[in-house]
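This report describes the strand pairing, the nonpolar core and the salt bridges of one protein chain. The structure is shown below.

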Amino acid sequence: MRQMVFKMERPDLVKEGDIVQITEGDLPSSWYYTIEPAVAMSGNIPLFERLKSKSGKVIKVDPLLVGFNVTVEFDEEDVK
């Protein structure tokens, strides 16, 4: 299992237990991921740590001073 943290700006767009779909964007030297439909975005991920799965389960939503951190768990063991 792999976990990734996404930044969400508005409340109640996802909740713990939700299954979310992820899209991938590429930059010259990294990847970034978005919970669709444009709910939250990851930080930049190094090329060698590319995410294999395109869906995951929200396991935690933590409030911040501005926005929320959304932790999503991915099962990459069965993905080829």
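## Strand 2 and its partners

Ile-19 stands opposite Lys-57 in strand 6. The model in which this pairing appears is a predicted one. Strand 2, residues 19-27, and strand 6, residues 55-63, run antiparallel and are joined by 3 bridges.

Strand 2 also pairs with strand 3, which spans residues 30-35; these two strands run antiparallel and are joined by 6 bridges. Within this pairing, Ile-22 has Ile-35 of strand 3 opposite it. The connection from strand 2 to strand 3 is a hairpin of 2 residues.

## Strand 3 and its surroundings

Strand 3 is largely enclosed by the rest of the structure, because 5 of its 6 residues are buried. Besides strand 2, strand 3 has further antiparallel partners. One of them is strand 5, residues 45-46, to which strand 3 is joined by 2 bridges; here Trp-31 has Ile-45 as its bridge partner.

Another is strand 4, residues 40-42, which runs antiparallel to strand 3 and is likewise joined to it by 2 bridges. Ile-35 stands opposite Ala-40 in this pairing. The hairpin of strand 3 and strand 4 has 4 residues between the strands, and Ala-38 in this hairpin takes a positive phi near 55°.

## The nonpolar core

In soluble globular proteins, nonpolar side chains tend to be buried together. In this model, the largest nonpolar core has 18 residues, and those that touch the most other members are Phe-6, Ile-22, Tyr-33, Ile-35, Val-70 and Val-72. Strand 1, strand 2, strand 3 and strand 7 are the elements that each contribute two or more residues to this core. Strand 7 gives the most, with 4 residues.

Which residues does Ile-22 contact, leaving aside its neighbours within four places in sequence? The contacts of Ile-22 are Phe-6, Tyr-33, Thr-34, Ile-35, Leu-51, Lys-54, Ser-55 and Phe-74. Of these, Phe-6, Tyr-33 and Ile-35 are also named with Ile-22 among the core residues that touch the most other members, and Ile-35 is the residue opposite Ile-22 in strand 3.

## Salt bridges

The structure holds 5 salt bridges. One of them pairs Arg-2 with Glu-76, whose closest N and O atoms are 3.7 Å apart. This pair links distant parts of the chain, 74 residues apart: Arg-2 lies in strand 1 (residues 2-8), and Glu-76 lies in the segment after strand 7 (68-74). Is Arg-2 buried or exposed? Arg-2 counts as buried because its relative accessibility is 19%, under the 20% cut-off. Glu-76 also counts as buried, at 14% relative accessibility.

Another salt bridge joins the side chains of Glu-9 and Lys-7, with an N to O distance of 3.7 Å. Glu-9 is exposed, with a relative accessible area of 51%, whereas Lys-7 counts as partly exposed at 31% relative accessibility. Lys-15 forms a salt bridge with Asp-18, and their closest N and O atoms are 3.1 Å apart. Lys-15 is exposed, with a relative accessible area of 54%. In addition, Glu-24, Arg-50 and Lys-54 are joined into one network by salt bridges that share partners. Lys-54 is also one of the contacts of Ile-22.

Definitions and conventions
Residues are numbered from 1 along each chain as its sequence is written. This is a predicted model: local features need pLDDT of at least 70, side-chain atom pairs count only at pLDDT 80 or more; totals for chains, interfaces and linings use all residues. Side-chain values use heavy atoms; hydrogens and water are left out. A salt bridge is a side-chain nitrogen of Lys or Arg within 4 Å of a carboxyl oxygen of Asp or Glu. Buried means under 20% relative accessible area, exposed over 50%, partly exposed in between (1.4 Å probe, protein chains only). Two strands pair if DSSP finds at least two bridges between them. A nonpolar core is a set of buried Ala, Val, Leu, Ile, Met, Phe, Trp, Tyr and Cys residues joined through side-chain atoms within 4.5 Å. Contact means heavy atoms within 4.5 Å.
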